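Please examine the sequence and the model below. Some questions on strand pairing and nonpolar packing then follow.

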Amino acid sequence: MVIGITSCNSKINGNNTPTSPIEEEIILQDNRNEQLLVDANNNDPIPAAYLLGDWIEKLKGKRVAIVGNQTSVVKTQDTIISKEWKTKEKLRYTHLVDTLLAHGIDIKRVFAPEHGFRGTADAGATIKDGIDSQTGLPIISLYGKNKKPYKEQLEDIDVVLFDIQDVGARFYTYISTLHYVMEACGQYDKKLIVLDRPNPNGHYIDGPILEQEHQSFVGMHPVPVIHGMTIGEYALMINGENWLDKNLTTNLEIIECKNYTHDSSYSIPIKPSPNLPNDQAINLYPSLCFFEGTDVSVGRGTEMQFQVYGSPSLVKYTDFDFTPTPNVGAKRPKFNGKKCYGVDLRDYKKLDHLNLEFLVDAFAKAPSKQNFFNSFFTKLAGTKTLQAQIEKGMTAQEIAATWEKGLEDYQEIRKNYLLYK
């Protein structure tokens, strides 16, 4: 039979059926259908969204807005029993919005981050408001001119529910969306509940600290490139460090994950954005994303996004090549239709540090040093120093050594907001 998950914890305000084609089979489903059903002995990390029975009562009788995308799902399970009494379990995922509507929650609208509500738009593409075809709910884009919910978009809302899978890098814009949602909730006195999710890159902290003069939507806070926090912990830090405009604070509640520590391995079941298709891409993303500010491709327009890098100009230095062409999430990829020569990292080891060797090596081999970097690089790095260090010829180890003091200071701040070991 099926087993429902039990309790999870909260931390507030930062204060410490389709039938089988085989007639003999019967599909047994939990009455609530969308409650997470798992093996009682399963100790894998469990996102808070799956722990439906522990937080849904907080939404009953409330007018709710959802901040979510394609990763905002609840895991469900059908148990199929055959006539021989042999069982097999078929796992599936249901969108959080569909789940809550099925439970009678009064959802008024959905706010969508970069890549949109269904997660198919290109990086940086303008996302328009619209109507979700599956539910009829209004979808409000928080990517483009309207990064923060307007007052009139929250007037009929009691609770804002935030559930988006992050990957633990400063320039991954979902934490920027979190910032603006928190700011709006603080400004208009709305409760914000964050459903926490494991950070697949939560096992290390690395990179230069962002300098405030280089603040942008791909870097809003004075944290390293790899911040080592879940999105719930990060929300507590935004609140606690007074990073919101005009020293606003948010009435914030974090629903914690279960079975998670910062050393936990976690495989994201649904790709968090179009160009992070698998665990390896997510592993390499923090180190390879710097190439987005250079004359080097990271494989957008292929099926190896953030698992390779290369350029037409590196032909002399490698025998590996790929050719970008338009695909989902990359309608106009860098070097469209041109053969790029570079490095295949699909079998590269799991990283526990920010790997600058890729960037330093590519710069050293680039035939045109003056055209290697573009203006976006400083926004990604959060400082002008990194580009100057690479151009000066410093090694990856020498550069990383200059981050040590900043990382030590950040560690002292970070430990005040950790929910997990």
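The questions and answers below concern a predicted model.

Q: What is the strand order in the open sheet of 3 strands?
A: The sheet is open and its pairing is antiparallel. β12 and β14 are joined by 4 bridges, and β13 pairs with β14 over 3 bridges. The order is therefore β12-β14-β13.

Q: Why is one side of β12 and of β13 left without a neighbour in the sheet?
A: The strands β12 (308–311) and β13 (320–322) each have a single partner strand. From one strand to the next, the twist averages 45°. One side of each of these two strands has no neighbour because both stand at the edges.

Q: Which residue in β14 is the bridge partner of Val 308?
A: On the β13 side, Phe 320 is bridged to Gly 342 and Asp 321 to Tyr 341. For Val 308, the bridge partner in β14 is Asp 344.

Q: Which helix gives the most to the largest nonpolar core?
A: This core holds 110 residues, and those touching the most other members are Trp 55, Leu 100, Leu 161, Phe 290 and Phe 291. Beyond its neighbours within four places in sequence, Leu 100 contacts residues including Trp 55, Ile 107 and Leu 161. With 7 residues, the helix that gives the most is α3 (residues 174–187).

Q: How many residues form the second, separate core?
A: Among the members of this core are Met 304, Val 308, Phe 335 and Cys 340. Val 308 is also bridged to Asp 344 in β14. The size of the second core is 6 residues.

Methods:
Residues are numbered from 1 along each chain as its sequence is written. This is a predicted model: local features need pLDDT of at least 70, side-chain atom pairs count only at pLDDT 80 or more; totals for chains, interfaces and linings use all residues. Side-chain values use heavy atoms; hydrogens and water are left out. Two strands pair if DSSP finds at least two bridges between them. Axes are lines fitted to C-alpha atoms, for helices over the stretch in contact, and angles run from 0 to 180 degrees between N-to-C directions. A nonpolar core is a set of buried Ala, Val, Leu, Ile, Met, Phe, Trp, Tyr and Cys residues joined through side-chain atoms within 4.5 Å. Buried means under 20% relative accessible area, exposed over 50%, partly exposed in between (1.4 Å probe, protein chains only). Contact means heavy atoms within 4.5 Å.
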